[in-house]
Amino acid sequence: MPALRELQARFARAVLGGPQAGLLDAVVADRLSPARRLAVYRANVHTALLRVLEGGFPATRRVAGEDGFRAAAVAFLRTRPPVEPRLHRWGG
């Protein structure tokens, strides 16, 4: 079993769309499989972070369109995830 810090780092990478290798064994299977449980976290995190970017960049969203903005936002959140708890500053 990896140390807590390493497990948390793997979880963060997986939630942002990175590899799940070595993580699924540490996720408890209950009514959902570990992969499905992780997918729920990923969907919630992506939705929340996309909303933060939409709120911060409404004009860009209008110009790029829904699909274009979403694609750019997902690429951004995977490569430059928030590093501090003040999300209103993320993306600036």
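Which residue forms a salt bridge with E84, with the closest N and O atoms 2.5 Å apart? Select R86 and you have the partner. Before we go on, keep in mind that what you have open is a predicted model.

**Stop 1: around E84**

Stay with R86 and E84 for a moment. R86 is partly exposed, at 42% relative accessibility, and E84 is partly exposed too, with a relative accessible area of 29%. Now add R89 to your selection. E84 forms a salt bridge with R89 as well, and there the closest N and O atoms are 4.0 Å apart. R89 has 47% relative accessibility, so it counts as partly exposed.

**Stop 2: the charged network at E6**

Next, select E6, R10 and R13. Salt bridges link these three residues in a network. Zoom in on R13 and E6: their closest N and O atoms are 3.4 Å apart, and the two form a salt bridge. R13 is partly exposed at 42% relative accessible area, and E6 is partly exposed at 33%. If you want to hunt for the rest, a search of the whole structure turns up six salt bridges.

**Stop 3: two aromatic pairs**

Time for some rings. The structure holds two aromatic pairs. Start with F11 and Y41: the ring centres are 5.3 Å apart and the planes sit at 80 degrees, so this pair is edge-to-face. The pair links distant parts of the chain, with F11 in helix α1 (residues 4–15) and Y41 in helix α2 (residues 34–56), 30 residues apart. Are these two residues buried, exposed or partly exposed? F11 is partly exposed, with a relative accessible area of 31%, and Y41 is partly exposed at 46% relative accessibility.

Now jump to F76 and W90. This aromatic pair is tilted, with 5.4 Å from centre to centre and 40 degrees between the planes. F76 belongs to helix α3 (residues 58–79) while W90 is in the segment after α3, so the pair ties together parts that are 14 residues apart in sequence. F76 counts as partly exposed, at 24% relative accessibility, whereas W90 is buried, with a relative accessible area of 10%.

**Stop 4: into the core**

Keep W90 selected, and add L16, L49, L50, L53, F69, A73, V74 and L77. Together these nine residues make up the largest nonpolar core. Which elements give two or more residues to this core? They are α2 and α3. The largest share, four residues, comes from α3.

Now pick out A73. Setting aside its neighbours within four places in sequence, A73 is in contact with L50 and L53. There is also a second, separate core to look for: it has six residues, among them L7, V15, V27 and L38. As a bit of background, nonpolar side chains tend to be buried together in soluble globular proteins.

**Stop 5: the bend in α3**

Show α3 as a cartoon and look at it from the side. How far does α3 span between its end C-alpha atoms? The span is only 21 Å, whereas a straight helix of 22 residues would span 32 Å at 1.5 Å a residue. Click on G65: α3 bends there by about 115 degrees.

While α3 is on screen, colour F69, A73, V74 and L77, which are buried residues of this helix. What covers the buried residues of α3 includes α2, so turn that helix on as well.

**Stop 6: the loop at Q20**

For the last stop, select Q20. Where does Q20 lie? You will find Q20 in the loop between α1 and α2. Q20 is partly exposed, with a relative accessible area of 24%. Add A35 and draw a distance between the two C-alpha atoms: Q20 and A35 are 15 residues apart along the chain, and their C-alpha atoms are separated by 8.4 Å.

Finally, show what Q20 touches. Leaving aside its neighbours within four places in sequence, Q20 is in contact with A14, A35, L38 and R42. You have come across L38 already, as one of the residues of the second core.

Terms used:
Residues are numbered from 1 along each chain as its sequence is written. This is a predicted model: local features need pLDDT of at least 70, side-chain atom pairs count only at pLDDT 80 or more; totals for chains, interfaces and linings use all residues. Side-chain values use heavy atoms; hydrogens and water are left out. A salt bridge is a side-chain nitrogen of Lys or Arg within 4 Å of a carboxyl oxygen of Asp or Glu. Buried means under 20% relative accessible area, exposed over 50%, partly exposed in between (1.4 Å probe, protein chains only). Rings of Phe, Tyr and Trp (its six-membered ring) pair if their centres lie within 6.5 Å; planes under 30 degrees apart count as stacked, over 60 as edge-to-face and the rest as tilted. A nonpolar core is a set of buried Ala, Val, Leu, Ile, Met, Phe, Trp, Tyr and Cys residues joined through side-chain atoms within 4.5 Å. Contact means heavy atoms within 4.5 Å. The expected span of a helix is 1.5 Å times one less than its number of residues. The bend at a residue is the angle between axes fitted to the seven residues ending there and the seven starting there.
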